[in-house]
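These are my notebook entries on a structure that I went through site by site. I set down what I looked up and what I found.

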Amino acid sequence: MYLDHAATTPMLPAAIQAMAEQFARVGNPSSLHAAGRESRRVVEESRETIAAAVGAGPNEVIFTGGGTESDNLAVKGIYWSRRDADLRRRRIIASAVEHHAVLDCLEWLGKHEDADVTCLPVDALGRIHPAELRAAIEEAPEDVALVSVMWANNEVGTVQPIRELAAVAHEYDIPFHTDAVQAVGVLPVDFTASGVDALTLTGHKLGGPVGAGVLLLGRDVACTPVLHGGGQERDVRSGTLDTPAIAGLAVAVAGAVGDRSARSARLAGLRDGLVRGVVQRVPDAVLNGDPGDQYLDGGPTRLPGNAHLSFPGCEGDALLMLLDARGVECSTGSACSAGVSQPSHVLLAMGASVDRARGSLRFALGHPSTDADVAHLLDVIAPVVDRARRAGMAGTRRESVSVREHTTGADRSEAGGPAR
Amino acid sequence: MRLLAAMSGGVDSAVAAARAVDAGHEVTGVHLALSPAPASLRQGARGCCTLEDARDARRAADVLGIPFYVWDFHERFADDVVDDFVSEYAAGRTPNPCLRCNEKIKFAAVLDRAVALGFDAVVTGHHARLSDGVLRRSVDSGKDQSYVLAVLTPEQLALAVFPLGESTKADVRREASTRGLAVADKPDSHDVCFIADGDTRGFLARRLGERPGDLVDAESGAVVGRHGGAFGFTVGQRRGLRIGHPAVDGKPRYVLSISPATSIVTVGPAPMLDVTAVHAGPPVWTNGAPVLPFEGTAQLRAHGAVSGARAHLVRGRLVVELQEAQRGIAPGQAVVLYAGDRVVGSATIESTG
Ligand SMILES: Cc1ncc(COP(=O)(O)O)c(C=O)c1O
């Protein structure tokens with residue numbers, strides 16, 4: 001049972017077919033001969049398809065190697081351009097719950113490019129309030145290079161008031177970037193209507209290939225390249241365009257956006273059943289993030305496929321392993337360092353304790369998910385949580401000293417963490 | 001059985017896990033993250049805690065087709081092994097961190113967690129034989145690791161599986177290669193895994209600061225040199241004493257004892273290193289207490305020589321008389337008692353005579 005669609009989701013059959021057709025052909029879209037022209041046509045049609053699906057102009061579509069590259073390009077590129085135009089502009093305002101593809105850019109810019117990062121706090125549901133953005137800008141409006149706030153959070157699923165936030169930034173003529181990797185194809189994302197200046201999307205979260213993404217970049221938004229070379233994409237991004245990947249990406253974006261509302265409604269129903277079922281079986285489990293029962297800019301306030309739950313007294317890693325052994329594939333949702341999962345910066349920013357942050361799992365439903373997936377999880381969750389709870393934080397951490405000096409096996413099962 | 005295989009990324013633990021799989025057990029691989037900030041690449045033969053080692057372990061698990069996870073034990077390792085290592089040196093003793101890691105981490109913290117999560121036992125690639133609760137030396141005497149396992153209690157051993165004890169290291173490497181495990185030719189790790197550059201003295205100096213003191217000759221009582229910190233010395237050490245002028249008798253000098261309180265390091269000629277009795281702490285019996293006094297053999301260092309020995313208890317502490325004098329025996333090390341190749345028990349040396 002694959003319940004990790006926020007990490008990556010299977011490709012749509014139509015996208016696979018579109019790629020397969022292109023794999024069999026030759027042609028560099030930059031070449032002038034017939035084969036090149038044919039590839040160029042595929043790329044440009046794909047560009048138009050994507051632009052139409054997300055409410056952008058074709059010239060605003062810049063093909064990249066995925067979400068990470070798009071985030072890097074937007075954050076670094078816009079920062080560099082804005083700073084070079086006015087050396088006072090060294091401040092980047094971003095939310096505390098961004099993906100590492102944004103956060104680590106900020107850290108790098110801080111270390112190497114003299115950037116100053118202002119972190120926007122989130123509330124207990126993980127939401128950024130426009131008033132906070134305004135306050136952050138007001139500290140010194142003239143020194144802000146850009147604002148970056150993700151459309152929807154990949155861990156807890158909370159959707160941000162992007163249109164409103166972008167409007168605040170624009171009052172001060174500050175460009176606004178949003179990482180919409182989790183949102184496109186799931187929420188109503190319209191680039192122009194949202195008012196944002198730059199938007200990141202990636203193929204493998206919506207039924208397209210890994211390693212193909214887009215940065216939507218407004219026509220008048222200056223952005224210094226990160227990759228230099230042939231200047232294929234508006235001189236902002238270089239590298240031979242990957243025609244098969246772009247063809248697959250376009251089919252996937254169009255497909256995902258096309259059946260978005262029916263699929264999202266279906267997934268929200270499944271998700272609500274999952275959350276209800278888990279809480280019935282594990283009464284102290286708590287849902288993190290927005291409950292998803294409100295509307296925001298025409299979509300739900302939580303990603304429909306996302307169920308992020310804390311299981312008090314359990315360790316996320318232990319839950320994950322026990323579920324994996326029972327055929328349920330999910331994630332703690334947070335980043336790993338050296339294979340060791342770190343307490344989620346998102347939950348910590350939402351005010352959760354380290355223990356709660358560590359004791360959490362993300363179940364992410366996607367287009368192939370069914371009732372049977374949820375039912376299987378509900379079959380196994382109670383004994384798994386029970387087992388993980390008895391294991392508690394056994395052994396790994398300082399707070400739960402459980403070194404047993406020559407005790408018996410019976411004592412051992414009580415070691416560490418709350419016993420029940 | 002449901003077995004947890006501790007996989008360091010080395011050849012031994014990979015083959016141990018493979019054998020457990022072959023034996024029909026349900027095996028899950030786990031790599032222990034013991035360093036808070038692991039280096040990405042291994043340097044030489046040191047350590048087992050780099051990202052490269054974690055990758056090697058993961059790759060071996062993939063080849064075996066078993067689930068694999070990384071368990072983060074770096075805080076416990078820092079407290080129970082690294083801090084212990086530093087404070088033992090600071091107290092003038094010579095610790096064995098591998099032994100401490102087995103005692104406190106692999107067969108305690110990891111075992112606790114494994115059992116709590118529903119595993120029946122932990123598999124490691126240690127070279128030692130274990131069956132029916134009896135711990136014995138490996139058939140490969142050069143690679144035998146029973147010394148560093150002699151701190152384990154019967155309860156701990158009951159939950160341990162050592163599949164490599166009947167094989168030589170050469171066999172294990174050959175088998176890894178036949179199985180297509182890329183770690184077949186990976187060099188053995190040695191030295192202290194958490195001191196990446198191998199400079200123990202530098203590591204201790206960073207942790208403890210310089211604590212200068214005198215080098216005193218045991219025979220003449222004369223101060224024969226100065227040093228930056230008593231923790232930089234081990235009993236039996238000859239090199240690096242930097243004694244200004246040769247001793248009166250012209251014989252080389254060795255560290256005889258270390259007194260952290262006064263920062264005095266006492267040196268003397270080789271014969272003064274001879275130890276014929278050790279006084280140790282309370283023993284751990286690996287398979288129940290033997291008949292006392294115990295007659296058998298004793299080993300006082302990892303890969304050290306073995307001597308005929310007679311052991312008895314004095315107020316709960318182990319006293320061992322050695323038939324052949326041993327050199328370079330330091331407080332902090334373990335004295336391990338054997339009956340033939342069978343491990344009887346161990347205790348930490350407190351003083352020598
Ligand atoms: C919010 C968010 N941003 C960026 C990324 C990175 O995208 P990619 O995997 O295409 O580099 C991801 C996916 O991991 C994500 O969830």
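Entry 1, ligand shell. I sorted the residues around the ligand by class and found two nonpolar, eight polar and three charged residues. The model is a predicted one, and I read each entry below with that in mind. In total, 13 residues surround the ligand. I noted the closest of them as A:Gly67, A:Thr68, A:Asp179, A:Thr202 and A:Lys205. I then asked which element gives the largest share of this shell. It is helix H3 of chain A, residues 67–85, with three residues.

Entry 2, polar contacts of the ligand. I looked up which atoms face the oxygen atoms of the ligand. At A:Gly67, a polar backbone atom lies 2.8 Å from a ligand oxygen. At A:Thr68, the partner is a polar side-chain atom, 2.5 Å from an oxygen atom of the ligand. For A:Gln182, I recorded 2.8 Å between an N or O atom of the side chain and a ligand oxygen. I next checked how much of the ligand is covered: taken alone it exposes 400 Å², and the protein buries 85% of that. As to location, I found the ligand in the second largest pocket.

Entry 3, A:Arg83. I returned to helix H3 of chain A, which also holds A:Arg83. Is this arginine buried or exposed? I entered A:Arg83 as buried, because its relative accessibility is 13% and the cut-off for buried is under 20%. Its side chain makes a polar contact of 3.3 Å with the side chain of A:Asp84.

Entry 4, the loop between S7 and H8 of chain A. I examined two residues here. A:Arg234 is placed in this loop, between strand S7 (213–217) and helix H8 (243–258). I noted its phi near 55°, a positive value in a residue other than glycine. A:Arg234 counts as partly exposed because its relative accessibility is 35%. A:Val236 is found in the loop between S7 and H8 as well. With a relative accessible area of 7%, A:Val236 is buried. I also looked up its distance to A:Phe63: the two C-alpha atoms are separated by 10.0 Å, while the residues are 173 apart along the chain.

Entry 5, A:Leu348. I located this leucine in helix H11 of chain A, residues 345–349. A:Leu348 has 35% relative accessibility, so I listed it as partly exposed. From A:Leu348 to A:Ala124 I read 9.7 Å, C-alpha to C-alpha, across 224 residues of sequence.

Entry 6, B:His126. I moved to chain B and asked where B:His126 is placed. It is in the loop between strand S4 (121–123) and S5. B:His126 counts as buried because its relative accessibility is 8%. I recorded two side-chain partners for this histidine. One is B:Asn102, with a polar contact of 3.4 Å between the side chains. The other is B:Thr124, whose side chain is joined to that of B:His126 by a polar contact of 2.7 Å.

Entry 7, B:Asp132. I placed B:Asp132 in the loop between strand S5 (128–131) and strand S6 (134–137) of chain B. Its phi is near 50°, a positive value in a residue other than glycine. Why do I list B:Asp132 as exposed? Its relative accessibility is 77%, and the cut-off for exposed is over 50%.

Entry 8, B:Pro293. I looked up the peptide bond from B:Leu292 to B:Pro293 and found it cis, with omega near -5°. B:Pro293 lies in the loop between strand S13 (284–285) and strand S14 (294–299) of chain B.

Entry 9, B:Ala23. I found this alanine in the loop between helix H1 (11–22) and strand S2 (26–33) of chain B. B:Ala23 counts as exposed because its relative accessibility is 51%. I closed with its distance to B:Met1: the pair is 22 residues apart in sequence and 9.7 Å apart in space, C-alpha to C-alpha.

Definitions and conventions. Residues numbered from 1 in each chain as written. Chains lettered and ligands numbered in written order. Predicted model: local features only at pLDDT ≥ 70, side-chain atom pairs only at ≥ 80, totals over all residues. Heavy atoms only, no water. Near = heavy atom within 4 Å. Polar contact = N/O pair within 3.5 Å; in protein donor to acceptor, adjacent residues only side chain to side chain. Areas by Shrake-Rupley, 256 points an atom, 1.4 Å probe, with all protein chains shown as cover. 1 Å grid on protein atoms, 1.4 Å probe; cavity = no way out; pocket = protein on both sides within 12 Å on 5 of 7 lines; lining within 4 Å. Sits in = over half its atoms within 2 Å of the grid points. Helix = DSSP H or I, 4+ residues; strand = E, 2+ residues; numbered from the N terminus. Nonpolar A, V, L, I, M, F, W, Y, C, P; charged D, E, K, R; others polar. Buried < 20%, exposed > 50% of the residue type's maximum accessible area, 1.4 Å probe, protein only.
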